Amino acid sequence: MIYKKVIKPILFKKDPEKVHDMVIKIGSLMGKCKLTKIGLSAILNYKHSFLTQTVDGIRYRNPIGLAAGFDKNADLTQILPSVGFGFEEIGSVTALPCKGNPKPRLWRLPKHKSLVVHYGLKNIGSEAIAKKLQGKIFSFPLGISIAKTNCKETVDVKIAILDYYKSFITLEPFADYITINISCPNAFGGQPFTSSKLLDQLLTKLDSIKSNKPRYIKMSPDLSKQQVDALISVSEKHNIQGFIISNLLKNREKSGITPEELSKVGAGGLSGKPLEKYSNEIISYVYRKTKGKFTIIGCGGIFNAKDVYYKIKSGASLVQLITGMIYEGPTLIKNINKELVKLLQKDGFTNISEAVGIDHQKSGEICRKLLN
Ligand SMILES: Cc1cc2nc3c(=O)[nH]c(=O)nc-3n(C[C@H](O)[C@H](O)[C@H](O)COP(=O)(O)O)c2cc1C
């Protein structure tokens with residue numbers, strides 16, 4: 001309430017990137033103070049046995065994670081567990097430090113509950129981030145998202161593959177899982193690894209790294225069914241346990257936002273509500289196609305527990321968000337988790353894992369009944 005009535009109107013008058021930087025600074029400072037963490041935890045944390053599950057060998061106390069792109073340089077790892085998150089994904093991190101695209105590179109579209117993002121993988125680079133993570137204890141699972149450095153040189157596929165490889169070996173010791181981000185809409189040279197041939201080469205190289213930590217691929221919501229099929233069949237041949245669905249929406253024509261409104265913001269991918277439909281469609285499609293063989297982490301347009309529950313029932317085991325938290329405030333995580341327990345109870349479940357992909361089983365049952 002205070003956030004939406006008092007804090008948000010003030011923050012939304014300021015430049016979005018400056019607000020983002022300020023929140024990171026404050027969050028990083030708060031993470032250093034034990035008392036602040038205990039206080040915040042008392043207000044914002046919600047625990048319930050229904051929400052706890054193990055996915056690919058990792059124990060999650062609730063299914064709500066902070067998506068990649070908010071905590072680019074691992075500044076919030078000590079405070080986010082007190083804010084109620086079940087996990088976070090830092091990055092995307094690139095092998096070399098990267099300033100990102102020229103400013104301005106972040107805009108709000110409040111009417112559409114969306115953000116336009118054109119950061120271009122700004123981050124301090126894999127070695128600096130490894131140094132920051134060294135010796136730290138994490139009280140929730142930490143995912144690390146890796147992408148190729150946003151520069152002209154990584155247009156050469158061999159260099160791009162080495163870029164991912166370096167980030168992987170540098171950061172793997174600190175991660176609970178690694179995400180291979182092949183879907184950044186804002187980087188030099190586009191998204192070359194959506195081509196199955198090149199993805200096959202990239203994953204072959206990464207397979208040579210011995211590690212039993214889960215590896216996920218982050219998908220674009222702009223992919224056609226054929227492209228999704230190709231991505232799945234390449235992944236089946238490699239050491240990949242699942243998909244994060246999805247990244248930002250690049251195709252503005254699919255966003256439902258008028259060209260006039262879009263002319264007021266710069267280039268970049270769209271987050272939040274405009275991409276929710278596409279993220280949900282791909283989650284459903286991948287779950288059905290692979291019969292739940294791959295883990296799915298659902299992402300895109302989550303603003304309440306119903307949005308989360310829809311993704312879970314469509315096939316996601318876990319979810320991530322950013323934009324919902326910016327529009328609804330930090331109490332969103334607790335509110336979602338509380339409400340999610342009620343939704344599970346109402347449907348007769350005793351754990352979130354029982355609801356994963358349930359919509360497909362239901363439609364399967366109806367089809368069987370109709371055919372008999
Ligand atoms: C400010 C911002 C920066 C982002 N940067 C990254 C990034 O570096 N890597 C990545 O994989 N996704 C990035 N994303 C995409 C998010 O991880 C997520 O896929 C997308 O925003 C959809 O979720 P949402 O609707 O809850 O925001 C970024 C999103 C935002 C809003």
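This report describes the barrel, two of its elements and the ligand shell in a predicted model.

## Barrel

Eight strands form a closed barrel, with parallel pairing. Their order around the barrel is β3-β4-β7-β8-β9-β10-β12-β13. From one strand to the next, the twist averages 25 degrees.

Helix α10, residues 273–290, lies across three strands: β9, β10 (242–245) and β12 (295–299). The helix runs at about 170 degrees to β12.

## Strand β8 and its neighbours

Strand β8 covers residues 177–181, and five of the five are buried, so the strand is largely enclosed by the rest of the structure. In a regular strand, side chains alternate between the two faces of the sheet. Both faces of β8 are covered. Tyr177, Thr179 and Asn181 are buried on one side, and Ile178 and Ile180 are buried on the other.

Strand β7 (residues 142–146) runs parallel to β8 and is joined to it by four bridges. Isoleucine 146 has isoleucine 180 of β8 as its bridge partner. Between β7 and β8 the chain passes through helix α6, residues 157–171, in a right-handed β-α-β crossover.

Four bridges also join β8 to strand β9 (residues 215–219), again in parallel. Here isoleucine 178 has arginine 215 of β9 as its bridge partner. Helix α7, residues 196–207, forms a right-handed β-α-β unit with β8 and β9.

## Helix α11

Helix α11 spans residues 305–314, and eight of its ten residues are buried, so the helix is largely enclosed by the rest of the structure. The buried residues include the nonpolar Ala305, Val308, Tyr309 and Ile312. Asp307, Lys311 and Lys313, which count as charged, are buried as well, as is Ser314.

Glycine 315 follows α11 and has a positive phi, near 135 degrees.

## Ligand shell

The ligand is surrounded by 26 residues, of which Ala67, Gly69, Ser92, Ser271 and Thr323 are the closest. The elements that contribute two or more residues to this shell are strands β4 (87–93) and β6 (114–117) and helix α12 (323–328). Of these, β4 is also one of the strands of the barrel.

By residue class, the shell holds 13 nonpolar residues, twelve polar residues and one charged residue.

Definitions and conventions:
Residues are numbered from 1 along each chain as its sequence is written. This is a predicted model: local features need pLDDT of at least 70, side-chain atom pairs count only at pLDDT 80 or more; totals for chains, interfaces and linings use all residues. A residue is near a molecule or strand if its C-beta atom, placed from the backbone, lies within 6 Å of it. A residue is buried if 20 or more other C-beta atoms lie within 10 Å of its own, exposed if 12 or fewer, and partly exposed in between; C-beta atoms are placed from the backbone. Two strands pair if DSSP finds at least two bridges between them. A crossover is right-handed if, with the strands pointing away from the viewer, the path from the first strand over the helix to the second runs clockwise. Axes are lines fitted to C-alpha atoms, for helices over the stretch in contact, and angles run from 0 to 180 degrees between N-to-C directions. Two residues are in contact if their C-beta atoms, placed from the backbone, lie within 7 Å.
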